[in-house]
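Dear colleague,

Please find below the structure that I am handing over to you. My findings follow it, arranged by topic.

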There are 4 protein chains.
Amino acid sequence: MLRPEATTARYCGPVTDATHWILTLVCEDRPGIVHAVSGAIVEADGNITESQQFSSGDTGKFFMRLQVESAATRERFEQALAPVTERYGMTWQLDVVGRPLRTLVLVSKAAHCLNDLAFRQRAGQLAIEVPLVLSNHDVLAGLAEFYGLPFEHRPVTDAESKAAFERRVLEVVEQHDVELVVLARYMQILSPELCDALAGRIINIHHSFLPGFKGANPYRQAHARGVKLIGATAHFVTSDLDEGPIIEQNVVRVDHSKPPEELVAIGQDVESRTLTQAVRWFSEDRVLLDGARTIIFQ
Amino acid sequence: MLRPEATTARYCGPVTDATHWILTLVCEDRPGIVHAVSGAIVEADGNITESQQFSSGDTGKFFMRLQVESAATRERFEQALAPVTERYGMTWQLDVVGRPLRTLVLVSKAAHCLNDLAFRQRAGQLAIEVPLVLSNHDVLAGLAEFYGLPFEHRPVTDAESKAAFERRVLEVVEQHDVELVVLARYMQILSPELCDALAGRIINIHHSFLPGFKGANPYRQAHARGVKLIGATAHFVTSDLDEGPIIEQNVVRVDHSKPPEELVAIGQDVESRTLTQAVRWFSEDRVLLDGARTIIFQ
Amino acid sequence: MLRPEATTARYCGPVTDATHWILTLVCEDRPGIVHAVSGAIVEADGNITESQQFSSGDTGKFFMRLQVESAATRERFEQALAPVTERYGMTWQLDVVGRPLRTLVLVSKAAHCLNDLAFRQRAGQLAIEVPLVLSNHDVLAGLAEFYGLPFEHRPVTDAESKAAFERRVLEVVEQHDVELVVLARYMQILSPELCDALAGRIINIHHSFLPGFKGANPYRQAHARGVKLIGATAHFVTSDLDEGPIIEQNVVRVDHSKPPEELVAIGQDVESRTLTQAVRWFSEDRVLLDGARTIIFQ
Amino acid sequence: MLRPEATTARYCGPVTDATHWILTLVCEDRPGIVHAVSGAIVEADGNITESQQFSSGDTGKFFMRLQVESAATRERFEQALAPVTERYGMTWQLDVVGRPLRTLVLVSKAAHCLNDLAFRQRAGQLAIEVPLVLSNHDVLAGLAEFYGLPFEHRPVTDAESKAAFERRVLEVVEQHDVELVVLARYMQILSPELCDALAGRIINIHHSFLPGFKGANPYRQAHARGVKLIGATAHFVTSDLDEGPIIEQNVVRVDHSKPPEELVAIGQDVESRTLTQAVRWFSEDRVLLDGARTIIFQ
């Protein structure tokens, strides 16, 4: 989705000499939008290298994502865009290709999702920077350290420590200008207030194929029901538990011989793959919201 | 599952000269079963060419499926097995490899599942024989005729005609010694009585990935929720709607751009593929029931 | 690919009242194209409802596919486009959404691909019209008849009858203004002359996962090698056997227990699915050529 | 495959109190084998909990893998088996469920395969113990250290240093009683002598979907050819380069928009997943050799 805190001034500093831009925009659908936007890009000496758009029959909205090569400064680019974005009442964002997304990762005890995110970040396959890994347990401190990620342990044992944990989340978000919060198997239910405060920039991985087995022990439920496929769902977090807009889903085939423990192991693979994919798309400004649905511009 | 009506005497007639047998059996798990069963097979001059077994941690039951090459007569085979099946209290069945399964197909208006079943049967990829295609509509009469399948149209418009339809189902089952009833997108809810009467030998294709979107218009629900995968589930029919034991599931990837109509078309492919697979496994005695779960000996 | 014979005058007759258009175009990549094209569309009172583009790093070409809603006549649309297509030296085509593609199908004895194409066409899932099914065998006459498709049998037994068959192909192409020739498991190698004459509008399904096992008996080769996946490849036909640009590929998992016959059956499913998908994309003007590669605008 | 060096005496020490055994065996196929083997198991008070068998139509061999629960000592188990294995001329092996496989890992610079193996081993999902990670480069020293794996760097720059490296491999194999050598993206071609010495216990991951693009730069070849699927193949190493028996294969869908670099990243995921799966199956005695093909008892 358009990162809510994105303002046109935000990324100027380090990227005045950028030449590859990502422009994402949303507005009411009507004729002439593409012509108007592409006109602004021509004016900024830009060349469109990638373009995706979608007109939603559900909400009447128009969505667009463009990659543009241009030697223009951000200022000049924005000047060229201003009349267009105003005329069409666009929500928009101008980002730089490859800029690492400031990402706060929340974890509990399970390592697989954090390991996958961290490994891919280090391998240059995932453009995120992680100012902090925050956990209600200390077991993943070593893993974070190995990848050179700051780690902080704040136990959550009662309502008070839980509220303190959430205040710390918001503090880190504020302090480090965090653009995305990732629940990488963080096993606490967030307060509605926190969900609202982070709406559209907090992603969870659900250890099941939603809609499907919700709540605790989905793999035990899946075993009891004898399902032939198990899966995982990465979705935006909303205060309506496990019902936020779906970003990505994957499944793996299983059979009757798998005990619940093995379903868990198989499930963890799907989970980490699915979460990493969702974070990657978000970091590349490929995820936009259309009501309760996501538009994924792959 | 072990076809309930299977009796050892049933298939004698045409298959006295069979040389490839399928032996399926279920009993309480305890040591020595394999040795005892294989001993009976040695006695019948048989050679095991395929073998699968499963000990259920859930129910404590032992399941086995064997393919055996043997020139013994059915009578001699059964004599050799009798002491073993008695000692272990086995439910068992002796079938002939490749014997066409007597299958009653119920349809309404949608052609895709019937077409797939009929095409594969004719292509020699699905060992079923279809004494009747029974429908509450007449639109598929031509399709059935093309494949040389008897077709009968019985409108269902009220409680009385519905009861008459169901009586006709049981009559055909009785008359043709039907071993499997397939709901190939038959769009009427069956009475609990019919479900019970056909328990373990009636398969439905659910136009959704169960558990998930149940009831009507699953593709519309899937669209509204923005799912990234849609699927289909073939399952045994029980009186608990859409909750019978799952036999097979498949999914296909979709994205935000697909309107509900297109999801329907994509879904139909998955449906027919999934139903045909379930029928094939059943026809090869590969589907056994372990409580609410199926064992699939692929 | 842009259908070579497409001219702007071609589809005027029956579609003067069209409101949904597909515009595909190819030219050298340079700045301003999107702005220019979208300007012409604005001029024709059009609204872009779908848009995809690709700049090839390999060939320096720019590819675009647009769906446009417009009440303009074809003539007015073309007048608006003319200055743009001239300025940028574009190869282009204006088609109508949903217009059935005139498709000649060549078959031999195997039914699965023809059955899938015909079933989906009748089910309204594949916008093709088939003026003729032409075969070097007569076994599929009944299948064609069932689907109401004209069928013609021309034996190919020697060089002369083969040349006659190929002349007949070109005759039908000419006579019915055929836009696509589909080799639906047609088991004769085409002459280089025919390949050249139909370049870019003839699709084959290869019974293997290319590059891989080429030539005869790929499933036997696959079995001998113990592969764990088998697949199929739909590709444009060129005179360089099995080396034409790939349009679509699919695979299915297999294991050691499958004898070659079963691999054949499994392979046939993948083949028909893959070929139908390729034909569908072509019929929707989603397949463009970039040197030896295809661009698929899904 | 049956690990060549396996002798019945090997694992006695630490596992005298084992209760879950894996028995794998190969012999000429003839009637009575299952009965004889299961008889020996009954004699050792064993209960078969998992059983798989396969009769190869290609080689006439019979393959079996059994999991057995038994409180018998290894000695007693072997005494019970001896007459049977002798009578049928069986090659066989008695292993303990969950016993970590002594695995030597060879790497060069790419981290993804080693990371996946090490992470899963530590997560308890892969029963291997790694006495050494041996590399011709030093870049992965830190990764090995993080996972607590001994690491040794031996540059390979000419024929002499290459021979020294290979001697070191054999020395480690000898010294640590290594059961499996894994080429986790080790980028040197092994000498035929080393391949022969380690036949049946050395696995490679090929960065392509075999048969397919062999040799260097498969992803560049895949891009040039415009393939729609890329994959990876885990196979036994033989002196015939990239032609050893295939253990596992996977593919992932790609499209025209992916430059070679991105195909590499996608390919690495498939590679590590595929290699880990092959190693897991081998460590669980699920991989047997039938001529040039593998039997995988999943």
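How much area is buried between chain A and chain B, and what percentage of it do carbon and sulfur atoms give? The model is a predicted one, and in it the area buried between these two chains is about 2,900 Å². Carbon and sulfur atoms give 52% of that area. Arg225(A), His256(A) and Arg293(A) together supply 27% of what chain A buries against chain B, more than any other three residues.

**Chains A and B**

The contact joins 31 residues of chain A to 31 residues of chain B. Chain A is superposed on chain B by a rotation of 180° with 0.0 Å of shift along its axis, at an RMSD of 0.0 Å. That is the relation of a two-fold axis. Of the interface residues of chain A, 100% are also interface residues in chain B, so the copies meet through the same surface.

As to polar interactions, there are two salt bridges between chain A and chain B. One salt bridge is formed by Arg253(B) with Glu248(A), whose closest N and O atoms are 2.9 Å apart. In addition, 16 residue pairs are in polar contact between chain A and chain B, counting pairs with both residues at pLDDT 80 or more. On the side of chain A that touches chain B, at least two residues come from each of helix H7 (218-225), strand E11 (246-253) and strand E13 (293-296) of chain A. E11(A) provides the largest share of that side, seven residues.

**Arg293(B)**

Where does Arg293(B) lie in chain B? Arg293(B) is found in strand E13, which covers residues 293-296 of chain B. Its relative accessible area is 5%, and Arg293(B) is therefore buried, the cut-off being under 20%. A polar atom of the Arg293(B) side chain lies 3.2 Å from the backbone oxygen of His256(A). Within chain B, the side chains of Arg293(B) and Asp58(B) are joined by a polar contact of 3.3 Å.

Leaving aside residues up to four places away in sequence, Arg293(B) touches residues of both chains. From chain A these are His223(A), Ala224(A), Arg225(A), Gly226(A) and His256(A). From chain B they are Asp58(B), Pro245(B) and Leu288(B).

**Chains B and D**

Chain B also meets chain D, through a contact that takes 18 residues from each of the two chains. Between them they bury about 1,400 Å², with 55% of it on carbon and sulfur atoms. His35(B), Asn47(B) and Gln53(B) supply 35% of the area that chain B buries against chain D, more than any other three residues.

How many salt bridges are there between chain B and chain D? The count is zero. There are, however, eight residue pairs in polar contact between chain B and chain D, both residues being at pLDDT 80 or more. Helix H1 (33-43) and strand E2 (47-55) of chain B each supply at least two residues of the side that touches chain D. E2(B) gives the most to that side, with eight residues.

A turn of 180° with a shift of 0.0 Å along the axis lays chain B on chain D, with an RMSD of 0.0 Å. In chain B, the C-alpha nearest that axis belongs to His35(B), at 2.6 Å. Of the contact residues of chain B, 100% recur in chain D, and the same surface serves both copies.

**Helix H1 of chain B**

H1(B) is mostly covered, with eight of its 11 residues buried. The buried residues are Ile33(B), Val34(B), Ala36(B), Val37(B), Ser38(B), Gly39(B), Ala40(B) and Ile41(B). Within chain B, they pack against strand E1 (20-28), E2, strand E3 (61-69) and helix H2 (74-87). They also pack against helix H1 (33-43) and strand E2 (47-55) of chain D. After H1(B) comes Asp45(B), which has a positive phi near 55°.

**Cysteines**

A search of the whole structure finds zero disulfides over all chains. Two cysteines may be noted for their burial. Cys195(C) counts as buried at 3% relative accessibility, and Cys27(D) is buried with a relative accessible area of 4%.

Yours sincerely

Notes: Residues numbered from 1 in each chain as written. Chains lettered and ligands numbered in written order. Predicted model: local features only at pLDDT ≥ 70, side-chain atom pairs only at ≥ 80, totals over all residues. Heavy atoms only, no water. Least-squares fit on C-alpha atoms with pLDDT ≥ 70 in both. Contact = heavy atoms within 4.5 Å. Disulfide = S-S within 2.5 Å. Buried < 20%, exposed > 50% of the residue type's maximum accessible area, 1.4 Å probe, protein only. Buried area = accessible area lost by both parts, 1.4 Å probe. Salt bridge = Lys/Arg side-chain N within 4 Å of Asp/Glu carboxyl O. Polar contact = N/O pair within 3.5 Å; in protein donor to acceptor, adjacent residues only side chain to side chain. Helix = DSSP H or I, 4+ residues; strand = E, 2+ residues; numbered from the N terminus.
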